[in-house]
Amino acid sequence: MKKSTATVSVTEQLCLSLLHKCKTLKTVKQIHAITCKTGLDTDRIVAGKLLLHCAVSISDALDYARRLFHHFPDPDVFMYNTIIRGFAESETPRNSLVAFVEMRRRACVLDSFSFAFVLKGAANYGCLRGGVQLHCDATRHGLDTHLFVATTLVSMYAECGCVSSARKVFEEMSEPNVVAWNAVLTACFRCGDVKGSEEMFDRMPIRNLTSWNVMLAGYIRAGELELAKEVFLEMPVKDDVSWSSMIAGFAQNGCFDEAFGFFRKLLWVGMRPNEVSLTGVLSACAQAGAFEFGKILQGFLEKSGFLWMISVNNALMDTYCKCGNVGMARLVFERMPESKSIVSWTTMIAGLAMHGNGEEAIQLFHDMEASGISPDGITFISILYACSHAGLIEQGCKYFSKMKDVYCIEPVIEHYGCMVDLYGRAGKLQKAYEFVCQMPISPTAIIWRTLLGACSIHGNVKLGEQVKERLSELEPSDSGDRVLLSNIYAIAGKWKDVATVRRSMTDQKIKKTPGWSMIEVDKIMYTFVAGGKQDKIAEEAYEKLREIISKLRIEGGYVPEVGSVLHDIEEEEKEDSVSRHSEKLALAFGMARLCEGRVIRIAKNLRVCRDCHAVMKLISRVYRLEILVRDRSRFHSFRDGSCSCKDYW
């Protein structure tokens, strides 16, 4: 008998030791099999540790944890707390509330962990009503003043948008620690109360590094970048989170030069970048179209051994796609570790779609399916986008049906938007309109705006007016809609209607979004704005542009396409207006500064106009240049007088 007990003890220790080291669901199942054979599956310590590992430590093992939990005949408070915690941190936080109700029904003794975990579930679920009930329940049990529970209550109210309740709970805490102070700081920022956060920060008796990082992240999220800079400079100590916040935050706010600057400083002070800072600076490269800086980063990543990270590879691939070099992106994709994620496949498909390589995107989609990875909703957005920009209507309809019928993915508004765009770009405007009217969900302003854009491209006045009426009901003050409608009127020569639309915009103080274009020259990003302030850089661009236009008129037979100018003015004024477009200025500046033979890459925030498109085709032929322009919807690659979009954009 003693021998048997000793054997069980050794087996128990072995199982616990193996559990501590295992990292996959497969290994957990093997250990579970051992416990079942040795009878340890009924041991509370072993079963509890096994459950904890599945519910919390291994990302894809929560369903297995649930089965383990229901298999155990009499779960104790530790097991209940574990499964509640697992659900609270999962994609189905509502289940944590269900497990808590079951725990109460079984009359289990509740402790502070029970409430802290289930409150986190209520917070992640966004269930204010359930959170308030849990608060009352915690009060009845005398646990609402427990530091752990009270801190989680602050976070719960913040997640549910009740900053006043979050602050009230905090003020009632007798001795809040620095974690509680950080929670209320986060709560204020979460609810948009920047002043409240500043007030709390000033009151803090003790601040730790997390306190400073909370202020940093909060200011960045609120768009207060100058205040974020001030906090960053004041910080007594900076860690990788601090640097990552600045790099990623400035990139997300469109301040690309600052993002690059912070990354350079990070390396200069001897800090090793982490996953967030690397993906942040690559994101800045992608958004700005900074191809040269992206190449330098790839060399750094290879030398420093960061390319084992799937997320960094994905960001690098996205950078090359958005900088106009889909070939380099494909090389990164092919050299990635074997375990490509769904994000890797989708990024590459989206990149091919952006460049108009519809057939290649479709082939890659099939390769992904063959590799055993099932597409998700985002993958289908990318493949529908590819079909739309390549004019592949039949294939687009096929994939829309396949998404529902084969993969049981219910279409969301983005998928419907892709289908409207698919029909609209192809000129099938009535089909697009009927599709919108038959949608099982209410069309949003974006859906109607997509259709209005198609009406603008194809000059359909009657349908454009109908669509604009629908848009006016949803978003009456959007400037883009009125610009599109005035574009439709201008193409049809209805100048009185153009004037009426423009007058209404002036009367309601609605401003048109200014067009801007960016170009990278010697690793510095230059931005040109349509009708922007004149400075030395702009003067240099204008001077070069005048020279280019003169040569195009003589050698290329250039005649400005003034139909894109939406004003009833003299022809000379119209020609002057189209000559000021930001993409022309960026191109002229690039031609003045860049060495001969270099590809000129331009990123633009709006759709490229017809005149600029024609000018760039002519320049590519007359000057024998390769020009890449990324507008808001796709890439245009100009070579030898033609564009990769085949004038379908």
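This note walks through a predicted model of one protein chain, from overall confidence down to single residues.

1. **Confidence.** The model is predicted, so confidence comes first. The protein chain has a mean pLDDT of 86. Of its residues, 90% reach 70 or more. Two stretches call for care. Over residues 1-8 the pLDDT is below 50. Beyond near neighbours in sequence, residues 1-8 have one contact in the model. Residues 568-574 also stay under 50. For residues 568-574 the model has seven contacts beyond four places in sequence.

2. **Overall make-up.** The protein chain has 649 residues, and 49% of them count as buried. Its secondary structure comprises 34 helices and six strands. Take the contacts between residues at least 6 apart in sequence: 63% of them join residues at least 24 apart. The protein chain exposes about 31,500 Å². Carbon and sulfur atoms supply 52% of that area.

3. **Helix H9, its length.** H9 covers residues 147-159, which makes 13 residues. At 1.5 Å a residue, H9 should span 18 Å. Its end C-alpha atoms are 19 Å apart, so the expected span and the model agree.

4. **Helix H9, its surroundings.** Many names appear on the buried list for H9, including Val149, Leu153, Met156 and Tyr157. Ala150, Thr151, Thr152, Val154 and Ala158 are buried too. Which helices do the buried residues of H9 pack against? They meet H7 (112-125), H8 (128-140), H10 (163-171) and H11 (178-190). Just after H9 comes Gly161, with a positive phi of about 80 degrees.

5. **Aromatic pairs.** With ring centres required to lie within 6.5 Å, the count comes to 26 aromatic pairs. One of these pairs is Phe528 with Phe589. Their ring centres are 5.4 Å apart. Their planes meet at 55 degrees, so the pair is tilted. Phe528 lies in strand S2 (residues 524-529), while Phe589 lies in helix H33 (residues 582-593). The pair therefore ties together parts that are 61 residues apart in sequence. Are these two residues buried or exposed? Both Phe528 and Phe589 are buried. Elsewhere, ring pairs link Phe232, Trp243, Phe250 and Phe262 into a cluster.

6. **Charges over rings.** Two cases are worth a look in the viewer. The charged end of Arg601 sits over the ring of Phe291, 3.8 Å from the ring centre. Lys340 lies over the face of Phe333, at 5.0 Å from the centre of that ring.

7. **Val237.** This residue is found in the loop between helix H14 (225-234) and helix H15 (240-252). Val237 has a relative accessible area of 52%. The cut-off for exposed is over 50%, so Val237 counts as exposed. Asn208 is 29 residues away along the chain, and the C-alpha atoms of Val237 and Asn208 are separated by 9.4 Å.

8. **Arg607.** A second loop residue, Arg607, lies between strand S3 (600-604) and helix H34 (610-622). How exposed is Arg607? Its relative accessibility is 26%, so Arg607 counts as partly exposed. The class runs between the buried limit of 20% and the exposed limit of 50%. Arg607 and Gly515 are 92 residues apart in sequence. In space, C-alpha to C-alpha, Arg607 and Gly515 are 9.0 Å apart.

Technical notes:
Residues are numbered from 1 along each chain as its sequence is written. This is a predicted model: local features need pLDDT of at least 70, side-chain atom pairs count only at pLDDT 80 or more; totals for chains, interfaces and linings use all residues. Side-chain values use heavy atoms; hydrogens and water are left out. Helices (H or I, at least four residues) and strands (E, at least two) are DSSP runs, numbered from the N terminus. The expected span of a helix is 1.5 Å times one less than its number of residues. Buried means under 20% relative accessible area, exposed over 50%, partly exposed in between (1.4 Å probe, protein chains only). Contact means heavy atoms within 4.5 Å. Rings of Phe, Tyr and Trp (its six-membered ring) pair if their centres lie within 6.5 Å; planes under 30 degrees apart count as stacked, over 60 as edge-to-face and the rest as tilted. A charge sits over a ring if NZ of Lys or CZ of Arg is within 6 Å of the ring centre and within 35 degrees of the ring normal. pLDDT is the predictor's confidence in each residue, from 0 to 100. Accessible areas come from the Shrake-Rupley method with a 1.4 Å probe; for residues, only the protein chains shown count as cover.
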